[in-house]
Amino acid sequence: MLLDGETQNEIYERGNVPYEFVQQLFEERKKHDEKEMELLAQNRDLINILKGEISNIEKTLIQAVPGATATCVDATGMDVKK
């Protein structure tokens with residue numbers, strides 16, 4: 001927030017901070033806090049998604065039978081370099 005020269009001089013000379021300035025600071029802080037809460041909620045959702053994916057991968061790995069025969073996919077015709 002930019003202040004005009006007269007307001008800045010008033011703050012420095014008298015030590016008084018205008019009510020409107022303080023009010024704006026509180027409003028900006030409130031907006032910042034709301035955005036931060038949104039980001040935290042999004043991060044929590046992403047973490048839960050990742051936990052689910054990791055759980056699925058772990059289940060797949062556990063289902064693999066030791067000593068079982070694996071077959072490779074044929075990549076003929078694909079743009080895969082050796």
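**Salt bridges in a predicted helical model**

K31 is partly exposed, its relative accessible area being 46%. This residue belongs to a predicted model, and its side chain forms a salt bridge with that of E28, at a nitrogen-to-oxygen distance of 3.9 Å. The pair satisfies the criterion for a salt bridge because the nitrogen must lie within 4 Å of a carboxyl oxygen. Both residues are located in helix α2, which covers residues 19-63. K31 and E28 stand 3 residues apart in this helix, so about one helical turn separates them.

A salt bridge also joins the side chains of R29 and D33, with 3.1 Å from N to O. R29 and D33 are again part of helix α2. Their spacing is 4 residues, which means that they are separated by about one helical turn. D33 has a relative accessibility of 31% and is therefore classed as partly exposed, since this class lies between the limits of 20% for buried and 50% for exposed residues. In general, side chains of opposite charge can pair when their charged atoms come close. The count of salt bridges under the criterion applied here is 2.

With regard to the protein as a whole, the model contains 2 helices and 0 strands. The protein has 82 residues, of which 5% count as buried. Its accessible surface amounts to about 8,300 Å². Carbon and sulfur atoms account for 57% of this surface.

Methods
Residues numbered from 1 in each chain as written. Predicted model: local features only at pLDDT ≥ 70, side-chain atom pairs only at ≥ 80, totals over all residues. Heavy atoms only, no water. Buried < 20%, exposed > 50% of the residue type's maximum accessible area, 1.4 Å probe, protein only. Areas by Shrake-Rupley, 256 points an atom, 1.4 Å probe, with all protein chains shown as cover.
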